[in-house]
Amino acid sequence: MKLEEIKNATVVWGALSEEGITFLKNRGGVVVVAEGRPGLVGLYHNVELLKKENIEFVYCVDNVLGLLFYKGKIGKMLVMCKKIELGVLGRPGSLQAALLSKIHGVSVEFMVEGEFDFESRDKGAASLGGKMMVLGNDCGGCVVLGKDEVLGEI
Amino acid sequence: MDSPLLFPVKLEGSQIRVLDETQIPFKEEYITVDTLGKALWVLSAMKTRSLGQVLLFFYSCVLFSDKFSIDQISEKFKQKRPTFDFLFLAQILKGQTQKTGDIRSAALGFISGFDKLRQARAARLAQMLPAQASILTICNVNGELIYLYQALERISKKAKFIVCETRPYLQGVRLTFWELRKNNIDARLICDNQVAALMKEKKINCVVTGADRATTKGDVINKVGTYSIACLAKYFNIPFYSLTQYPRDIDVNSIPIEERLKDESFMFLEGDFSQVDAVYPAFDVTPAKFVTECVEITGSR
């Protein structure tokens, strides 16, 4: 898909649940699936679910979201969260997804995430899809691991 | 301190040697280029980029100008990487050639001078950064962060780099993090989407990025992901510095954004993703209002 074909899309961040799927069906339009580093939840979970549900989507690395906002391609942000109790607790990158939406005047829908085994996936930028991308074994402390994020003020 | 990325493309006799940046950090291999066709393949396959593509263009003009004019070569380069301003590079080279009388000495003279300008730019930027700089960066600026680190040391400032991995090609991990660590410079690696969380925790106090294009108004085009960082930096009141060269008096939105093949979104991942549609614009636009300072190569800004 080319950029010009994307209009009023819904971005999905985090692991889609059944409730999230229903939301996407009701809203209609193309869904943008962000890669969702470090665990690649977009690729390993959301893509498969959307294919099964026959919902039109386009995949992108997380870095592309900014340009999509800049070009006015995004109409809604759906953030699937770890917990929504007295505030929102999101997976790594949730704060960034929500803040970029806020900065661009795009409303955010928070929902509780679906089941995805984050624990068995990459935890930080040192590896991608289980493959080490840095050399040497002495750089453990040099990688800032992804951690849950409190989305207080969004 | 050194990095092969400072000069990733070299002219050796009648051949060009191109550092294959897609193989780093696992292998340091050079590709031999002896035809314009090979140069164009190297360019389109992302074997080199940024400063490397500038060097590749100049050296291609040196070696292949018996068969192609500088303008023809620049047009062919532009077809492969439409966002980058090869036509302007051609103007620079033609101007230099008029002064020196031949393309070879014009190209070599310009390149040698350009490296000195990069070192001077790093020294100017060092003056602007905090005394304890915690510098976020994305993609790779071909060794200029090493120049920056040295410049900061000279004025007794401390620096730590926080490097975005830079999906999908992972230039942050494979090039920037690698060259900084190789030179024992303090660096931390993060996923591209961790920027907001770290800014919120006050772990970043300035941003330094490169720029593939810039306008005289201060707008910048750089590796996709830069704009998000600039927005977040503005939101958290963190200064954003862009290393620019030769800004043009044009509308930034008139510059085409190169869209790469969808398969490249899955770079370095194993599996069959042929049935997954994807969009991969290689660059994004950062308007001037998000840029604290364009640190221009000529020192004009």
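Colleague: Which residue takes a positive phi in the hairpin of β8(B) and β9(B)?

Modeller: G218(B) does, with phi near 105 degrees. Five residues lie between the two strands of that hairpin. Keep in mind that this is a predicted model.

Colleague: How many bridges join β8(B) to β9(B)?

Modeller: Two bridges, and the strands run antiparallel. R213(B) stands opposite I221(B) of β9(B).

Colleague: What sheet does the hairpin belong to, and in what order do its strands come?

Modeller: An open sheet of three strands in chain B, ordered β8-β9-β11 with antiparallel pairing. The edges are β8 and β11 (283-286) of chain B, each of which pairs on one side only. On the β11(B) side, β9(B) makes four antiparallel bridges. There I221(B) has V285(B) in β11(B) as its bridge partner. I221(B) also faces R213(B).

Colleague: Which helix packs on that sheet?

Modeller: α9(B) does, touching β9 and β11 of chain B. The direction of α9(B) makes about 30 degrees with that of β11(B).

Colleague: Now chain A. In what order do the strands of its five-stranded open sheet come, and is the pairing parallel or antiparallel?

Modeller: Read across the sheet, not along the sequence. The order is β3-β2-β1-β4-β7 of chain A, and the pairing is parallel. The edge strands are β3 (57-60) and β7 (108-112) of chain A, with a pairing partner on one side only. Direction ignored, neighbouring strands of this sheet are turned by 25 degrees against each other on average.

Colleague: How many bridges pair β2 of chain A with β3(A)?

Modeller: Four, in the parallel sense, with β2 of chain A covering residues 31-34. One bridge to find on screen puts A34(A) with C60(A) in β3(A).

Colleague: Which strands does helix α1 of chain A touch?

Modeller: β1 (9-13), β2, β4 (74-81) and β7 of chain A. Helix α1 of chain A spans residues 18-27 and packs on the sheet. Its direction makes about 170 degrees with that of β4(A).

Colleague: Let's turn to backbone geometry. What do most peptide bonds and most phi angles look like?

Modeller: Most peptide bonds are trans, and most residues other than glycine have a negative phi. Now look at the exceptions in chain B. The bond from I24(B) to P25(B) is cis, with omega near 10 degrees. P25(B) sits in the loop between β2 (15-19) and β3 (30-33) of chain B. The bond from R167(B) to P168(B) is cis too, with omega near 5 degrees. P168(B) is in the loop between β5 (158-164) and α7 (171-182) of chain B.

Colleague: What is the phi of N184(B)?

Modeller: Positive, about 55 degrees, although N184(B) is not a glycine. Find N184(B) in the loop between α7 and β6 (187-190) of chain B.

Colleague: Into which domains is chain B divided?

Modeller: Domain 1 (4-114) and domain 2 (130-296). Their C-alpha centres lie 23 Å apart. The contact takes 28 residues from domain 1 of chain B and 27 residues from domain 2 of chain B.

Colleague: And how many cavities of 30 Å³ or more does the structure hold?

Modeller: Four. The largest has a volume of about 530 Å³. Of its 34 lining residues, the closest to the centre are S50(B), F84(B), A211(B), D212(B) and Q245(B).

Colleague: Which elements give two or more residues to that lining?

Modeller: In chain B, α2 (51-64), α4 (86-100), α5 (103-128), β8 (213-214) and β9 (220-223). The largest share, four residues, comes from α5(B). Each of domain 1 and domain 2 of chain B supplies at least three residues to the lining of the largest cavity.

Colleague: How do the lining residues of the largest cavity divide by chemistry?

Modeller: Into 17 nonpolar, seven polar and 10 charged.

Colleague: How much space lies in the second largest cavity?

Modeller: About 120 Å³. Of the 16 residues that line the second largest cavity, D62(A), Q96(A), D192(B), N193(B) and S228(B) are the closest to its centre. The elements giving two or more residues are α3 (65-70) and α4 (94-103) of chain A, together with α9 (226-235) of chain B. α4(A) gives the most, with three. The lining of the second largest cavity divides into seven nonpolar, seven polar and two charged residues.

Terms used: Residues are numbered from 1 along each chain as its sequence is written. Chains are lettered from A and ligands numbered from 1 in the order in which they are written. This is a predicted model: local features need pLDDT of at least 70, side-chain atom pairs count only at pLDDT 80 or more; totals for chains, interfaces and linings use all residues. Side-chain values use heavy atoms; hydrogens and water are left out. On a 1 Å grid over the protein atoms alone, a cavity is a set of points where a 1.4 Å probe fits but cannot get out, and a pocket is an open set with protein on both sides within 12 Å along at least five of seven lines; lining residues have an atom within 4 Å of a point. Grid points are joined across faces, edges and corners, and a volume is the space filled by probe spheres set on the points. Ala, Val, Leu, Ile, Met, Phe, Trp, Tyr, Cys and Pro count as nonpolar, Asp, Glu, Lys and Arg as charged, and the others, Gly among them, as polar. Domain bounds come from an automatic or database domain assignment. Two strands pair if DSSP finds at least two bridges between them. Contact means heavy atoms within 4.5 Å. Axes are lines fitted to C-alpha atoms, for helices over the stretch in contact, and angles run from 0 to 180 degrees between N-to-C directions.
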